[in-house]
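This briefing concerns a single protein structure. It is arranged by topic for reading beside the sequence and the coordinates.

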Amino acid sequence: MVRALAQSGVATYAVEKDLHNPGLQSRYLRGWFPVNSYEASHLEQELPRIRAKLAAHDEVVLLAINDRQVEALASMHAKLKPAFRIAWSEQAATVLHLQRKDQLEARCRAQGLNYPRSQVFVRPDDAGLASGFRFPMIIKPVRPLSSFKTHMARDAAELKRLLDRYQADLPILGQEYIEGGDECIYFGALTLDKGRVVQSLTGRKLASYPPARGQTIIAETVHAPEVLVATERFFDGLSLSGPVSLELKQAPDGSFWVIEPTLGRTDFWAGLCIGAGFNQPLQEFALALGSGPQAGQPLRACVWYDSERAPLAYLGLAWRSRSLRPRRAHQYFCYAGHGDPKPFWCASLQMLSATVRRGLAKLLPRGQ
């Protein structure tokens, strides 16, 4: 995101709680401001101080990069409005509403979209509410960015154990699992201007962790008209502005089922859009300033890699594809390339250090 903005002439700063984040080493970053938390109570104190340090800039736009930040900014958008610009500020209530996974079934039903049979568990002893459900069941916290992303319950007994284990994350949503691997998971990404589609892209996962239900490791652009239609239908009538996306899974019979939306921010795989020529961060910036965002250049085929979580992902796909250019597409990495070497070397040294520490921990006696 920093590169996509800075290369278009936008002065870009980071608000970051992980001081070891390799991205802070980017030559495109003007500066960064440390915070201890992304919770609203903390940001409400820190953001005005940060704005004072940026007094030389007439306008400052806030771009969230995870759901906790979106939740925080949405909850205090009225207080932030005098000092900051947020592309979706006027639709903050809608963003907060659809961030909650227990609101998605009603939205899908209203829009005529498939949604897996679901149940919200409010108490640890609610496992009995899943009586009659088909297992396995996937569970996920209703609130974004809780202590876990997803887990799989193979039977009712395992569901009960998981609800007991994650009592602090209740309420928890359970869904009948849609069969299929990573390559069955598709997504549509849009930039919206008061509901109008500025630009769109469809893609799918090639790998995730945990497989078929976790964070994306490899993603590619694909031509998927059904996915685009479903994505536009899900967001139709909400008058949203900014980046949004919808993740869907294709069942063995070919039908598509909604997994979850993303609102108020670009996705973790934003680099796929950027690498394909869809500059969502720049469009979100323009929307926040009240400018009419422009669609980017014609899209090109792209493969994106989470080279931080899975540093060997490219080599694995290249080996399986028998090509140094898998999918005959542009290869886009988090750190490597971009004329910006410091984040790559920083990430590489961190990976090497972690590998050495793990090796030593296995060799040394316990307690040393």
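The points below cover salt bridges, the surroundings of one arginine, and two helix contacts.

The structure is a predicted model. A search of the whole structure gives 23 salt bridges, and three individual pairs as well as one network are described here. The pairs are taken together with the accessibility of their partners.

**Salt bridges with exposed or partly exposed partners**

- K81 and E90 form a salt bridge through their side chains, with an N to O distance of 2.7 Å.
- K81 has a relative accessibility of 44% and is therefore classed as partly exposed, because the partly exposed class lies between the limits of 20% and 50%.
- E90, at 60% relative accessibility, counts as exposed.
- D125 and R123 also meet in a side-chain salt bridge, here at 3.8 Å from N to O; the pair qualifies because the cut-off is 4 Å.
- D125 is exposed, its relative accessible area being 58%, whereas R123 is partly exposed at 48%.

**A salt bridge between buried partners**

- The side chains of E220 and R204 are joined by a salt bridge of 2.8 Å, N to O.
- This pair connects distant parts of the chain, since E220 belongs to strand β9 (residues 215–221) and R204 to strand β8 (residues 196–209), with their positions 16 residues apart in the numbering.
- E220 is buried, with a relative accessible area of 5%.
- R204 is likewise buried, at 17%; both values fall in the buried class because that class covers everything under 20%.

**A salt-bridge network**

- E39, R68, E71 and R143 are joined into one network by salt bridges that share partners.

**The surroundings of R204**

- R204 lies in strand β8 and is buried, with a relative accessible area of 17%.
- Leaving aside residues up to four places away in sequence, R204 touches E183, I185, Y186, F187, I218, A219, E220, V222 and R327.
- E220, the salt-bridge partner of R204, is thus also listed among the residues that R204 touches.
- The C-alpha atoms of R204 and K249 are 9.3 Å apart, although 45 residues separate the two along the chain.

**Contact of helix α3 with helix α5**

- The axes of helix α3 (residues 67–75) and helix α5 (residues 92–99) come within 9 Å and cross at roughly 140°.
- At this angle α3 and α5 are therefore oblique to each other, because the roughly antiparallel class begins over 145 degrees.
- The crossing of α3 and α5 is left-handed.
- On the α3 side the contact involves D67, V70, E71, A74 and S75, and on the α5 side A92, V95, L96 and Q99.
- By class, the residues of this contact comprise five nonpolar, two polar and two charged.
- E71 appears both in this contact and in the network with E39, R68 and R143.

**Contact of helix α6 with helix α8**

- Helix α6 (residues 104–111) packs against helix α8 (residues 225–235) at an angle of about 110°, and their axes are 9 Å apart.
- This angle makes α6 roughly perpendicular to α8, because the roughly perpendicular class runs from 65 to 115 degrees.
- L104, R107, C108 and Q111 of α6 meet R233, F234 and F235 of α8.
- The contact of α6 with α8 is made up of four nonpolar residues, one polar residue and two charged residues.

Methods
Residues numbered from 1 in each chain as written. Predicted model: local features only at pLDDT ≥ 70, side-chain atom pairs only at ≥ 80, totals over all residues. Heavy atoms only, no water. Buried < 20%, exposed > 50% of the residue type's maximum accessible area, 1.4 Å probe, protein only. Helix = DSSP H or I, 4+ residues; strand = E, 2+ residues; numbered from the N terminus. Axes fitted to C-alpha atoms, helices over the stretch in contact; angles between N-to-C directions. Parallel < 35°, antiparallel > 145°, perpendicular 65-115°, else oblique. Left-handed = near helix turned anticlockwise from the far one by under 90°. Contact = heavy atoms within 4.5 Å. Nonpolar A, V, L, I, M, F, W, Y, C, P; charged D, E, K, R; others polar.
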